[in-house]
Amino acid sequence: MPIRDIVLYPHPALTTEAATVTEFDDDLHQLLDDMAMTMYAANGVGLAANQIDVLQAVTVIDVGEEGANTLHELVNPVITDSSGAARGQEGCLSFPELYEQVERATKVRVEYMDRSGEPQVLEAEGFLAVALQHEIDHLNGILFTDRLSSLKRRMALRKYKKSQSKQV
Ligand code: CO
């Protein structure tokens, strides 16, 4: 099953912490391949495994920065350093049609494992840094709406619920 179903808020997988990956086997490789395909099919720039109801610390990101291969596959990623702060517009495949201004660090250093289980380091700024923070939050059960002030969060969730009920 290459393209997986993306779960929408308030699905419980979105607010559950993903488990550390310990097996770097064919199942993991299939998961990574499926997640990239699912992300591209949905025109997204990032997807966390929680969003397809798989509670493993796996995320894929492609913000189309310069370079031949811009698909990042990150297993067990952790932000080990960050600096700066800026507000920017964010959306999420699990919140269709909701876009909000979120404050994020402008630079991050991430330690993770690749699909073979080899430790890797990624240093990023700009939109890639924002995407990394958004996706790593997902793996910890944190949503971009959780990064808003409580008033803005309430307003955003009300707006989202209204737009979802119109689609039914
Ligand atoms: Co998201």
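Okay, let's start with Phe95, which counts as buried at 1% relative accessibility. Before going on: this is a predicted model, so keep that in mind throughout.

Phe95 has a ring partner, Phe144, and that one counts as buried too, at 2% relative accessibility. How are the two rings arranged, edge-to-face or stacked? Their centres are 5.4 Å apart and the planes sit at 70 degrees; anything over 60 counts as edge-to-face, so edge-to-face is what we call this pair. What I like is where the two come from. Phe95 is in the loop between β4 and β5, Phe144 is in the loop between α2 and α3 (150–167), and the pair links distant parts of the chain, 49 residues apart. There's a bigger group here as well: Tyr9, Phe95, Phe144 and Tyr160 form one aromatic cluster. The count of aromatic pairs in the model comes to 4.

Let me stay with Tyr9 for a second. The peptide bond from Tyr9 to Pro10 is cis, with omega near 10 degrees. Most peptide bonds are trans. Pro10 itself is in the segment before α1.

Back to that β4–β5 loop, since the metal site uses it too. Which residues hold the cobalt ion? The protein donors are Cys92 through SG, plus His134 and His138 through NE2, and they lie 2.1 to 2.2 Å from the ion. If you're scanning the sequence, the spacing is C-x41-H-x3-H. Cys92 lies in the loop between β4 (86–90) and β5 (100–104), while His134 is in helix α2 (residues 126–139), so the pair ties together parts that are 42 residues apart in sequence. Both Cys92 and His134 are buried.

One more thing in that loop: Glu97, which also lies between β4 and β5. Glu97 has a positive phi of about 75 degrees without being a glycine. Most residues other than glycine have a negative phi. Unlike the buried Phe95, Glu97 is exposed, with a relative accessible area of 56%.

Now α2. This helix has 14 residues and reaches 21 Å from first C-alpha to last, close to the 20 Å expected. How many of its 14 residues are buried? The number is 12, so we call the helix mostly covered; buried here is under 20% relative accessible area. Among the buried ones are His134 and His138, the two histidines, along with Glu135 and Asp137. Just after α2, Gly141 takes a positive phi of about 75 degrees.

Asp137 brings me to charges. Side chains of opposite charge can pair when their charged atoms come close. The structure holds 10 salt bridges. One of them is Arg115 with Asp33, where the closest N and O atoms are 2.7 Å apart. That pair links distant parts of the chain: Arg115 is in the loop between β6 (107–113) and β7 (119–125), Asp33 is in helix α1 (residues 26–41), and 82 residues separate them. Buried or partly exposed, you ask? Arg115 is partly exposed at 22%, and Asp33 is partly exposed as well, at 37%.

Then there's Arg109, with two partners. Glu111 forms a salt bridge with Arg109, closest N and O again 2.7 Å apart. Arg109 also meets Glu123 in a salt bridge, at 3.6 Å, N to O. Arg109 lies in strand β6 and Glu123 in strand β7, so this pair ties together parts that are 14 residues apart in sequence. Glu123 is exposed, at 59%. And Asp137 shows up here: salt bridges that share partners join Glu90, Arg104, Asp137 and Arg147 into one network.

Last stop, α1, the helix that carries Asp33. This helix has 16 residues and reaches 22 Å, close to the 22 Å expected. Its buried residues include Leu28, Leu31, Leu32, Met35 and Met39. What covers the buried residues of α1? The cover includes β1 (46–48), β2 (58–61) and β3 (72–83). Just after α1, Asn43 takes a positive phi of about 55 degrees. Strand β3 has an asparagine of its own to look at, Asn76. Asn76 has a positive phi of about 55 degrees although it is not a glycine, and Asn76 is buried, with a relative accessible area of 14%.

That's me done; happy to go back to any of these on the screen.

Terms used. Residues numbered from 1 in each chain as written. Predicted model: local features only at pLDDT ≥ 70, side-chain atom pairs only at ≥ 80, totals over all residues. Heavy atoms only, no water. Salt bridge = Lys/Arg side-chain N within 4 Å of Asp/Glu carboxyl O. Helix = DSSP H or I, 4+ residues; strand = E, 2+ residues; numbered from the N terminus. Buried < 20%, exposed > 50% of the residue type's maximum accessible area, 1.4 Å probe, protein only. Donors = N, O, S within 2.8 Å, 3.2 Å for Na, K, Ca; no water. Expected span 1.5 Å × (residues − 1). Contact = heavy atoms within 4.5 Å. Phe/Tyr/Trp six-rings, centres within 6.5 Å; stacked < 30°, edge-to-face > 60°.
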